[in-house]
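Grab a coffee and open the viewer. Here are two short exercises on strand pairing and on one charged side chain, each with a worked solution.

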Amino acid sequence: MRKLNTKWFTVCLLFFTLQPTLKAQGNEDVVEIKSMIEKLTATVASQQTALQNLTSVIKTLEQTQCKRIPVYHLRSTKGVYQLTFEEAKIACRADGGAIATYQQLVDAWNMGLEQCACGWLSDGTTRYPMHHNNHGSGCGGNNPGIKQCSAAPPDKNKKADVYCIRKTYQSKTIGKVLLG
């Protein structure tokens, strides 16, 4: 109802602003001005519809993709899977974060994080978070969750990427958290 009132308020404002001009002008000018008002009214309605659509898209993004997820995937500048466990910890610190724990990766996965790439966690394991099996074979399987990259015991000298967590982030449940 508010949007309808805004539209009609704009039309009424234009009409009352132009009314003295309408009375002073001839019939042809009145028809032209009325036509301009109708076009302007259509433009306002179109812009309101576009704004509604944009607002809907923004809300959807805020609820899904644009959440400030504190855990993020970090890859070496040398390429894919180039970090040992110790190098991964150093890389996170150099990037202003800390290496993520398994629970932090689970929390991030619950917030929507999905990454088809093995990364170190603070417990020395390599894992990755998946929601969908849409990245081709070998990535996610049929069940969503936190996937383990190797069934073998952790070897901290093997190479992988890393999952880091920002040093500070705002948590809805526990407030500001300082890590590291």
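Start with a pair to find on screen: Y72 sits opposite C164 of β6. Keep in mind that this is a predicted model, where local features need pLDDT of at least 70, side-chain atom pairs count only at pLDDT 80 or more, and totals for chains, interfaces and linings use all residues. Numbering runs from 1 along each chain as its sequence is written, and side-chain values use heavy atoms, with hydrogens and water left out.

**Exercise 1.** Work out which strands pair with β6 and in what sense.

*Solution.* Strands here are DSSP E runs of at least two residues, numbered from the N terminus, and two of them pair if DSSP finds at least two bridges between them.
- Step 1: β1 (residues 71-74) runs antiparallel to β6, with 4 bridges.
- Step 2: β2 (residues 97-99) is antiparallel to β6 too, over 3 bridges, and I99 faces C164.
- Step 3: β3 (residues 119-120) lies parallel to β6 with 2 bridges; W120 is opposite V162.
- Step 4: β6 (residues 161-166) has 5 of its 6 residues buried (under 20% relative accessible area, 1.4 Å probe, protein chains only), so the rest of the structure largely encloses it.

**Exercise 2.** Find out what surrounds R127.

*Solution.*
- Step 1: R127 belongs to β4 (residues 126-130).
- Step 2: R127 is buried but has no salt bridge (side-chain nitrogen of Lys or Arg within 4 Å of a carboxyl oxygen of Asp or Glu); D123, the nearest side chain of opposite charge, is 4.6 Å away.
- Step 3: Leaving out residues up to four places away in sequence, R127 touches (heavy atoms within 4.5 Å) several residues, including Y102, C118 and Y163.

Key: Buried < 20%, exposed > 50% of the residue type's maximum accessible area, 1.4 Å probe, protein only. Lys, Arg positive; Asp, Glu negative; His and termini not counted.
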